[in-house]
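I set out to record what I looked up in this structure, entry by entry. The notes begin with a term and then move to the residues and regions consulted.

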Amino acid sequence: MMSFSRILYRSFSTFPQPNSTTSIKSIANDLYKERSLECLVQKFKKYSELKRFRTRAGIYEDTVRKLAKAKCFRWIEEILEDQKKYEDISKEGFSIRLMSLYGKAGMFEHAHKVFYEMSDRNCRCTVLSLNALLGACVNSKKFDFVEGLFKALPKKLSIEPDLISYNTVIKAFCLMGSFDSAVLLLEEMEKKGLEPDLFTFNTLLNGLYAKGRVSDGEKIWELMQKKNVVPDIRSYNAKLLGLALDKKTKEAMELVEEMKTRGVKPNAFSFNALIKGYVIEGNLEEAKWWFDHVGEGESAPGKKTFEIVVPFVCEKGELELAFDLCKEIFKRKFLVDVSLLQLVVNTLVKESKMEEAKKLVQLGKRYSYCRYDLKLP
């Protein structure tokens with residue numbers, strides 16, 4: 001029987017060697033189709049010898065995303081550290097790419113190392129590099145480090161933070177739940193002559209409304225209007241969720257009408273927020289009506305809608321509807337948590353609806369897209 005190392009050797013030695021005539025498209029297809037992650041790493045390193053390949057940021061992102069999904073962080077380190085032997089590393093843009101990739105993989109320490117190695121390579125460091133490092137910090141969920149880097153590095157490197165810098169730190173504060181710090185930073189950037197943009201406001205609105213701080217969210221909304229920044233679908237959806245969580249569905253309905261008059265088309269998230277509001281209020285009839293009338297296409301009920309509605313109809317004793325909704329989940333091939341389906345099975349059994357419960361258990365076992373191990377209690 002051939003050993004794995006022998007198979008691996010044959011795989012490496014037989015794949016086409018890159019040359020000046022090898023098309024990037026064929027290289028991208030080869031990497032995409034590669035199922036062995038170890039072979040993928042070796043091929044990536046080999047293809048990196050081509051300068052044309054090293055300009056394709058998309059291929060780098062796809063490969064790192066694939067390895068990160070498999071939690072192969074040592075191989076991410078292997079392919080990215082291998083890039084440092086090329087002359088490209090002396091260019092700021094290439095270093096920024098490596099920091100960004102490490103950040104998206106959750107490997108902030110490595111991104112930090114790339115940043116500090118830039119001076120050793122006589123690589124110019126501008127606000128773009130600062131922003132890449134701050135972004136890597138946020139993507140790696142190292143929120144506690146963001147403020148310290150933001151305060152220390154601009155002075156140390158004589159870099160003036162820009163709007164993106166402030167937006168990134170505001171995002172970090174919001175993700176930490178430090179909304180007061182985020183608002184203070186908003187005031188600081190205005191003092192420095194930087195005007196907040198739609199991204200700034202949406203970050204604050206999403207953070208405040210999602211945490212039920214509706215009055216604070218309203219203050220930011222008023223400031224956005226005062227600054228003549230036009231709200232988009234994300235702005236409205238943030239506010240809709242805040243109103244729903246605050247049991248203000250009447251105001252949420254009025255906001256939906258305002259969206260329509262301003263040419264902002266409500267989407268699935270908008271209707272989910274409305275339905276969630278009625279669920280919180282315990283209004284079964286309105287929740288059912290909106291579920292049935294949310295529309296088609298982008299506005300059609302999705303996985304999240306079912307996750308909101310199914311437990312609610314179970315709680316209200318609408319078991320026939322809960323059963324039909326579960327069948328619809330299987331039909332549409334939604335990947336939901338098994339606990340959602342098990343809740344319905346348990347409730348059906350509790351109410352002596354054994355046939356329906358058995359049917360769901362069977363559907364879970366036969367479901368080819370994702371098998372659910374449902375059990376009859």
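**Entry 1. Term and model.** I take helices to be DSSP runs of H or I with at least four residues, numbered from the N terminus. I also note that the model is predicted.

**Entry 2. Lys71 and Lys247.** I looked up Lys71 and placed it in the loop between helix 5 (57-69) and helix 6 (73-81). Lys71 is not a glycine, yet its phi is positive, about 60°. I recalled that most residues other than glycine have a negative phi. Lys71 has a relative accessible area of 63%, so I list it as exposed, the cut-off being over 50%.

I then turned to Lys247, which sits in the loop between helix 15 (233-245) and helix 16 (249-261). Lys247 also has a positive phi although it is not a glycine, here about 55°. Its relative accessibility is 52%, and Lys247 therefore counts as exposed.

**Entry 3. Overall build.** How many helices and strands does the protein have? I found 22 helices and zero strands. I noted a box of roughly 70 × 70 × 35 Å for the C-alpha atoms, taken along the principal axes. The protein has 377 residues, and 46% of them count as buried. Among contacts with a separation of 6 or more, 62% join residues 24 or more positions apart.

**Entry 4. The largest nonpolar core.** I recalled that nonpolar side chains tend to be buried together in soluble globular proteins. In this model the largest nonpolar core holds 119 residues. Phe53, Leu67, Ile76, Met99 and Leu360 have the most contacts inside this core. Helix 9 (residues 127-139) supplies the largest share of the core, with eight residues.

I followed two of these residues further. With residues up to four places away in sequence left out, Leu67 touches Leu37, Leu40, Val41, Cys72, Trp75, Ile76 and Ile79. Leu360 belongs to helix 22 (residues 354-366). Is Leu360 buried or exposed? Its relative accessible area is 1%, under the 20% cut-off, so I record Leu360 as buried. On the same sequence exclusion, Leu360 touches Phe323, Cys326, Phe330, Val344, Val345, Leu348 and Leu374. Of these partners I checked Cys326: it is 34 residues from Leu360 along the chain, and their C-alpha atoms are separated by 7.6 Å.

**Entry 5. Phe73.** I placed Phe73 in helix 6. With 33% relative accessibility, Phe73 falls between the 20% and 50% limits and therefore counts as partly exposed. Leaving aside neighbours within four places in sequence, I found Phe73 in contact with Ala68, Ala105 and Met107. I also looked up its distance to Arg35: the two residues are 38 apart in sequence, and C-alpha to C-alpha they are 17 Å apart in space.

**Entry 6. Asp88.** Asp88 is in the loop between helix 6 and helix 7 (92-104). Its relative accessible area is 6%, so Asp88 is buried. Which side chain makes a polar contact with the side chain of Asp88? I found that of Arg54, at 2.9 Å. Outside its neighbours within four places in sequence, Asp88 is in contact with Arg54 and Phe94.

**Entry 7. Thr168.** I located Thr168 in helix 11 (residues 163-176). Thr168 has a relative accessible area of 12% and is therefore buried. Its side chain reaches the backbone oxygen of Ile164 at 2.8 Å. Leaving aside neighbours within four places in sequence, Thr168 is in contact with Leu134, Gly135 and Val138.

**Entry 8. The largest pocket.** I noted about 280 Å³ of space in the largest pocket. Its lining comprises 16 residues, and Phe150, Lys151, Tyr166, Leu185 and Glu188 are the closest to the centre. Helix 10 (143-157), helix 11 and helix 12 (179-191) each give two or more residues to the lining. Which helix gives the most to the lining? Helix 10 does, with five residues. By class, I counted nine nonpolar, one polar and six charged residues in the lining.

Conventions
Residues numbered from 1 in each chain as written. Predicted model: local features only at pLDDT ≥ 70, side-chain atom pairs only at ≥ 80, totals over all residues. Heavy atoms only, no water. Buried < 20%, exposed > 50% of the residue type's maximum accessible area, 1.4 Å probe, protein only. Polar contact = N/O pair within 3.5 Å; in protein donor to acceptor, adjacent residues only side chain to side chain. Contact = heavy atoms within 4.5 Å. 1 Å grid on protein atoms, 1.4 Å probe; cavity = no way out; pocket = protein on both sides within 12 Å on 5 of 7 lines; lining within 4 Å. Points joined across faces, edges and corners; volume = space filled by probe spheres on them. Nonpolar A, V, L, I, M, F, W, Y, C, P; charged D, E, K, R; others polar. Core = buried A, V, L, I, M, F, W, Y, C linked by side-chain atoms within 4.5 Å.
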